[in-house]
Amino acid sequence: MPNRSHSPSLCSGDFSAASYDFSLRSAAQVSSVKMQSNAVKSVFRQCRSSLAQPPCCRVVAMAAYSQTQYSPAIQSTGPYGPYTHHPQGYGVPSYNIKTEDGLSHSPGQNGLLGYPSNFSTAPPGQSLYSYSTHGDHHPSPSPPTPSKEQDGVRARRGSDGKLRGRKRASDPAPPLDSDIERVFVWDLDETIIIFHSLLTGTFATRFGKDSAKSVSLGLWMEEMIFNLADSRLFFNDLEECDQVHIDDVASDDNGQDLSTYNFGADGFQTAAGSAALCLGSGVHGGVDWMRKLAFRYRRVKEIYNTYKNNVGGLLGSPKREEWLQLRRELEVHTDLWLTQALKALALISSRPNCVNVLVTTTQLIPALSKVLLYGLGAAFPVENIYSATKTGKESCFERVTQRFGRRAVYVVVGDGVEEEAVSKKKNMPFWRVSCRADLEALSHALELDYL
C-alpha cells in the first residue's frame, strides 16, 4: 500500500505552504468569478437599456465590453444606408409664404424657396433647402403648381391687393374727357383777340392808339372773317340754323360719303327759305332736310381740322398774302396782345391733363372763322368751341362741366360781366383780362404752376 503519509501535499513540512497557496488561488478564483459576474450583470443591464436606443448606440455599448457573441435580440447589424423620406407628410398644416417673386406660395410651389416634394412643410430644424445624405448640395426640384396649371397665369397683386400686372385686354379704356384735371374756359373777343373794340374805337381810346387805324383794321378783319365763313364754311346756309356745338346735329348724319356731294344743288337753301325751318335755338324740319344740315356741319368740321394749322392753304392766293399783312399790322397796333394770349394757351396745351375751352357770344360759324384767321386752331380743337349766342354762357358752362365732370377744376378767363357772374355763381376762379399785362401775369402764373 502506498504510504499516503509521505504524499508531498500532505507532509507535515509542506502543509502550511501548500495550504496557503491553495487559499490564495481559491481567493483569486472567487474574486475573478465575482468580477466576471459583476461584469456580466453590468453588460446585461447595459444591453437591456440599450434596447431602447438606436442600433448604432447599441453597437457602441456592446463593443465597449469586447463581447464576441450575443443573443439574437442584441445582435449587431450591418451599416445603415442613407435615410430616405417617407411618402407620408408630417402632420403640420401648410403655410402661405411670401417669396421674392411677389407671389404667395404654399409649400411645394415654385418660387425662391424650394421644398422637398414629399413634405407639406419643412420639419423643425431642417433647412429651407433639401440636402442629400452624402455628397454635394442639390436643391430639390419643386413640383408644378396645380393652381397655375388650372387657372393660367394670374395677374400679380401687391401687398395691398391691387393688380400689379397688365390690364386685361377686355378692360374698356376710360373716356378721354374723364382724365382732364383742369379746364380753362376762355372768352374770345377782347380776351384772346382784339376785334370788337377795334370797330367801336374803344381800344384806341383806352390805350391811346390811332382811332382811324383801329377802325380800319377792324373792318379789314371783319371782311375776311365773313368772307371765309360764307365761301368755305356754309355760313349763308347755316346763319339761321346756328348751333351751340359742332356735333349738335351729328345724330342726323347717316355717314354718307361727301367727297362728290354737290351742296349747291341739294335744295337745302330753297327748303329753308320757304318753310322757315330754323326757329329759335332748335332746328325743325324733315328727316331729309336735317340730314343735309348735318352734312354741312360735318364738312365744316372736316375743313377746320384739315386747315387749322394751314390757314394760308385754305385762303389761297392772293388772300393768303393779304391775311398775313393784316396779322402783322394787328400785332403792332395791339402791342402783341395776341402773342401774349397764345403763350398762355400754349402753356396750358402742353400740360397732359389740362385743356382749353372757348365759350363765345359769336355765332358758331363766324367764331370758327375767327379762330382760324387769328391762328388759334392749334389751341382749340373744334369740339372745344361753344357758341352762347342763343343759349347764353351759363348754359354753355353747364354743358362744359357735364362733359369734363365735377371733379375737374374750372378756371374762367375773360373780360366781360357775363362770364364773371357765371363763374362766381358756379364757384369757379375768374381771371380778369383788362389789358395785355393781365395776359403776361397769367402766363407767369402758369409757368410757376400757380394755376
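**A tour from an enclosed helix outward**

Begin by selecting helix 13, residues 364-373, where 10 of the 10 residues are buried, so this helix is largely enclosed by the rest of the structure. Keep in mind along the way that the model is a predicted one. If you show the side chains of helix 13, you will find among its buried residues Leu 364, Ile 365, Pro 366 and Leu 368, and also Ser 369 and Lys 370. Step just past the end of helix 13 to Gly 375, which takes a positive phi of about 75°.

Next, select Trp 186, Ile 192, Leu 376 and Phe 380, which touch the most other members of the largest nonpolar core, a set of 69 residues. Colour helix 9, residues 287-307, as well, since the largest share of this core, nine residues, comes from that helix. A second core, separate from this one and made up of 18 residues, can be located through Ala 388, Val 400, Phe 404 and Ala 408, which are included in it.

For the last stop, display helix 12, residues 337-349, together with helix 16, residues 436-447, whose axes lie 9 Å apart and pack at an angle of about 20°. Angles under 35 degrees count as roughly parallel, and helix 12 and helix 16 are therefore roughly parallel to each other. Their crossing is left-handed. On the side of helix 12, the residues to select include Trp 337, Ala 341, Ala 344 and Leu 347, while those of helix 16 that they meet include Leu 439, Leu 442, Ser 443 and Leu 446. Taken as a whole, the residues of the contact between helix 12 and helix 16 divide into eight nonpolar, two polar and four charged.

How values were computed. Residues numbered from 1 in each chain as written. Predicted model: local features only at pLDDT ≥ 70, side-chain atom pairs only at ≥ 80, totals over all residues. Heavy atoms only, no water. Core = buried A, V, L, I, M, F, W, Y, C linked by side-chain atoms within 4.5 Å. Buried < 20%, exposed > 50% of the residue type's maximum accessible area, 1.4 Å probe, protein only. Helix = DSSP H or I, 4+ residues; strand = E, 2+ residues; numbered from the N terminus. Axes fitted to C-alpha atoms, helices over the stretch in contact; angles between N-to-C directions. Parallel < 35°, antiparallel > 145°, perpendicular 65-115°, else oblique. Left-handed = near helix turned anticlockwise from the far one by under 90°. Contact = heavy atoms within 4.5 Å. Nonpolar A, V, L, I, M, F, W, Y, C, P; charged D, E, K, R; others polar.
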